[in-house]
Amino acid sequence: MSLPNPHPTPLPLGQGPMKSLRDLEFRLGVDRGVLRQLAENWRDNYAPFQQAKKPKPHCRITKPIKLRDIDNPCKELKQIQTKILDRLLLPVALPHFLFGAVRKRSVRTHANEHLGAKTIVKMDIKSYYPNITNKHIYSVWKDVLLCSPRIAGLLTQLTTCDWHLPQGAPTSPALANLLLASIYGPVLDACAQKNIVVTAWVDDLIFSGDEARSIMELVRQTLADNGFKLSAKKSVILNPRAAKVVTGIRLGKNQLRACRLMLRDIRAGIHNLEMGRVTDRGRAKDIESLRGKIIYIKSIFPPDAAPLHEKLNQIAGEVHNSRARSASRKSSGLRSTTAPASAASSSPKVA
């Protein structure tokens, strides 16, 4: 386990902080008139909708479907936000404890930070994006990225919706990370003093170490001071005997393993295919879905994926052979029905 650097190392935005509209135009390659129009008419540039979280197709326990609000920026605004992300936000060097939506960092590298820990504390920021206000984002642009107040205000309008951080905008994950880094100083300092490993995956906060429990109140207070709350249902303390899963990856004694729930769901899906409980139309789709999940498990721990991959390939081969036999029977049936007709048409007429 390695301790993260408790303080972020900022990287200048290309040629340094932005102070003028001319500089912003140059970096984004977009006329200031277009930027202002999109910023002022933000209500017309979002088409919000509700998205239902897809249930697991082979899960034994069915849960009520939850709807999530998606703000959904329009095509033109999303293109501008993508340029803001690529040219202004991604060049910023983020501190080591941030893993979600960060290049070259994955759920595997995130879970590996806590491998071998006896005690793990998992906490979750409640409704993180909706509670990130335009004031939070303005402070990121102005105080963290050192833009002038005028530029910070314009960029805040371009990257927020209805006074909060929008779901579905390309810039939102990076801005959420920068905000957390800007307010997390007291927590990072305390973790460094107590030899606690701290990581974050967007709104999932993970702590591991012998004194991990002692940090919980400081985390709650730090978030409360900045307008955020913790989800009581998702705050979990994993003692040495408890199974430890971090961002969907199970922590073994000395290695990362696939989550048992995911393995169970894949086995259930393969069993349904084997027992013929899936329609012919959905069979191919299920096979591809299961194949993708097995590939993901292989990237975590290949031995967990090997038997599942073998069994799925066996079923896929049987399905292919069954389709081939069915097509052959249909073809032979067509030939048999057309043969008498062709024979009758070719026979000579009797006077």
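Which side chain does E288 meet in a salt bridge? Before I answer, let me say that what we are looking at is a predicted model. The partner is R291, and the two side chains come together at 3.8 Å, N to O. Both residues belong to helix 12, which covers residues 280-300, and they sit three residues apart, about one turn of the helix. An α-helix has 3.6 residues a turn, so residues three or four places apart point the same way. As for its surroundings, R291 is partly exposed, with a relative accessible area of 22%.

That pair is one of eight salt bridges in the structure, and I would like to show two others. K142 pairs with D143, with 3.5 Å between the closest N and O atoms, and K142 is partly exposed at 30% relative accessibility. R264 pairs with D265, where the closest N and O atoms are 3.9 Å apart; here D265 is buried, at 8% relative accessible area, whereas R264 is partly exposed at 27%.

Turning now to helix 8, residues 172-183, we have twelve residues that reach 17 Å from the first C-alpha to the last, close to the 16 Å expected at 1.5 Å a residue. Ten of those twelve residues are buried, so helix 8 is largely enclosed by the rest of the structure; among the buried ones are S172, N177 and I183.

Finally, on the surface, K53, K66, R68, K126, K229, K233 and K234 form a positive patch. Of these, K229 lies in the loop between helix 10 (216-225) and strand 6 (236-238), and K229 is exposed, with a relative accessible area of 60%.

Technical notes. Residues are numbered from 1 along each chain as its sequence is written. This is a predicted model: local features need pLDDT of at least 70, side-chain atom pairs count only at pLDDT 80 or more; totals for chains, interfaces and linings use all residues. Side-chain values use heavy atoms; hydrogens and water are left out. Patches are made of residues with over 30% relative accessible area and no salt bridge: like charges are joined within 9 Å, nonpolar side chains (Val, Leu, Ile, Met, Phe, Trp, Tyr) within 5 Å. Accessible areas come from the Shrake-Rupley method with a 1.4 Å probe; for residues, only the protein chains shown count as cover. A salt bridge is a side-chain nitrogen of Lys or Arg within 4 Å of a carboxyl oxygen of Asp or Glu. Lys and Arg count as positive and Asp and Glu as negative; His and the chain ends are not counted. The place of a charge is taken as NZ of Lys, CZ of Arg, CG of Asp or CD of Glu. Helices (H or I, at least four residues) and strands (E, at least two) are DSSP runs, numbered from the N terminus. Buried means under 20% relative accessible area, exposed over 50%, partly exposed in between (1.4 Å probe, protein chains only). The expected span of a helix is 1.5 Å times one less than its number of residues.
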